[in-house]
Amino acid sequence: MPGPIDLIIWSLGTAFELLFVVCSLARKSFLRYFFLNLYLLLSTTVSIGRFFILRSYGQCSVQYMYFYYYSDALLTLALFVALISLYSHVFGELRVGDYVRWGAVFLLLGTAGFSYAVVAQSAERLSTSFAYELSQNLYFVGLVLTYILWGAVMKLRETRTRLVQIILSLGLYFSGYAASYALMNFSGEFSIIRYICPALGCFLPLSWSLTMLRYTDESRLAPASLVAVPR
Amino acid sequence: MSRKLGALVLALGILVGAMGIKTVLSSNSKGTTMKANGPAPLPIPPPKQTTAQSN
């Protein structure tokens, strides 16, 4: 079993995931942010499943490993769909919904094709390697997509506070993971950095919950100071 | 049709960019796994890929 710090962070993260769903329901925004709720509900379910498997078989067991990596692929896919739904929110007024959907489908197929090409040479456990590779590649695709979305938010001067904060949190979350991944490559798995990844897992649902609690759909950011244009 | 083509080109650009970032970040990789979902503890690394022998 993992240590007490790991367990505390894990249970806090799962509680925050549920908190977001509860906040969405309380604020009557469940359907508006349906895919974000779906992702966090799925994540909560997976977290509970992982806990029972870990308790039954142990952290170093093959059962936990398989369940972890297959569920991680599923969650990354759900996160990808949630991210695309944020694109639909941002670009909704421009009526480019079809364009976004086609782009998402091409991107998903491209990532799946690339992942398959990487693992196609594998002689055994093709499906496990594919799930693992797809999850890792989709993560990086999500990272790039979030930065592009943030650029679009800046360019379109988006003022919907909730949407802006949700996207900003997602950007920080992805950036934090990318940074910790790079640091772990230098420092190894058994340093203090190993606690950063689980802590980041708590950050996203907590920040989304706070956004949901503090702002309504009508909340708008104060416009930037007007630039004086000489006549 | 041109919009679909534009979406395809954009998707390919994003994919290339994403894989570029992955390559840069894992240039000194010790086989570290990128975990992006939830605060659960990491399991043992997945089985190593063994390349099929071509005859």
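## Two exposed loop residues with positive phi

Arg157(A) is exposed, since just 9 other C-beta atoms fall within 10 Å and the cut-off for exposed is 12 or fewer. This is a predicted model, and here Arg157(A) sits in the loop between H5 and H6 of chain A. The backbone is worth a look too: Arg157(A) is not a glycine, yet its phi is positive, at about 50 degrees. For background, most residues other than glycine have a negative phi.

Lys28(A) tells a similar story. Its phi is near 55 degrees, again positive in a residue other than glycine, and its place is the loop between H1 and H2 of chain A. Lys28(A) counts as exposed because it has 10 C-beta neighbours inside 10 Å.

## How H1(A) meets H2(A)

On either side of that Lys28(A) loop are H1 and H2 of chain A. Their axes run 9 Å apart, and the two helices pack at an angle of about 145 degrees. The crossing of H1(A) and H2(A) is left-handed.

Which residues make the contact? From H1(A) come Thr14(A), Glu17(A), Leu18(A), Phe20(A), Val21(A) and Ser24(A); from H2(A), they meet Asn37(A), Leu40(A), Leu41(A), Ser43(A), Thr44(A) and Ser47(A). Sorted by type, the residues of this contact are five nonpolar, six polar and one charged.

## A closer look at H2(A)

H2(A) has 24 residues, and from its first C-alpha to its last it reaches 34 Å, close to the 34 Å expected at 1.5 Å a residue. After H2(A) comes Gly58(A), with a positive phi near 100 degrees.

Quite a list of H2(A) residues is buried, including Leu36(A), Tyr39(A), Leu42(A), Val46(A), Ile53(A) and Leu54(A). Polar and charged names turn up there as well, among them Asn37(A), Ser43(A), Thr44(A), Ser47(A) and Arg50(A). The buried residues of H2(A) pack against H1, H3 and H7 of chain A.

Is Leu41(A), which lies in H2 of chain A, buried or partly exposed? Leu41(A) counts as partly exposed, because it has 15 C-beta neighbours inside 10 Å and buried would take 20 or more. Its C-alpha atom is separated by 9.6 Å from that of Thr14(A), 27 residues away along the chain.

## H7(A), one of the partners of H2(A)

H7(A) is among the helices that the buried residues of H2(A) pack against. With 19 residues at 1.5 Å a residue, H7(A) should span 27 Å, and its end C-alpha atoms are 26 Å apart, so the two agree. Its buried residues include Cys197(A), Cys202(A), Leu204(A), Trp208(A) and Met212(A), along with Pro198(A) and Pro205(A).

## The core and chain B

The largest nonpolar core holds 64 residues, and the members that touch the most others are Leu83(A), Leu86(A), Val141(A) and Ile14(B). Two or more residues come from each of H1, H2, H3, H4, H5, H6 and H7 of chain A, together with H1 (2–25) of chain B. H3(A) gives the largest share, 15 residues. As a general point, nonpolar side chains tend to be buried together in soluble globular proteins.

Val141(A) shows how the two chains come together in this core. Leaving out residues up to four places away in sequence, Val141(A) touches Leu107(A) and Thr111(A) as well as Ile14(B), Leu15(B) and Ala18(B). Chain B itself has one helix and zero strands, and buried residues make up 31% of its 55 residues.

How values were computed. Residues are numbered from 1 along each chain as its sequence is written. Chains are lettered from A and ligands numbered from 1 in the order in which they are written. This is a predicted model: local features need pLDDT of at least 70, side-chain atom pairs count only at pLDDT 80 or more; totals for chains, interfaces and linings use all residues. A nonpolar core is a set of buried Ala, Val, Leu, Ile, Met, Phe, Trp, Tyr and Cys residues joined through C-beta atoms within 7 Å. Helices (H or I, at least four residues) and strands (E, at least two) are DSSP runs, numbered from the N terminus. Two residues are in contact if their C-beta atoms, placed from the backbone, lie within 7 Å. Axes are lines fitted to C-alpha atoms, for helices over the stretch in contact, and angles run from 0 to 180 degrees between N-to-C directions. A crossing is left-handed if the near helix is turned anticlockwise from the far one by less than a right angle, and right-handed if clockwise. The expected span of a helix is 1.5 Å times one less than its number of residues.
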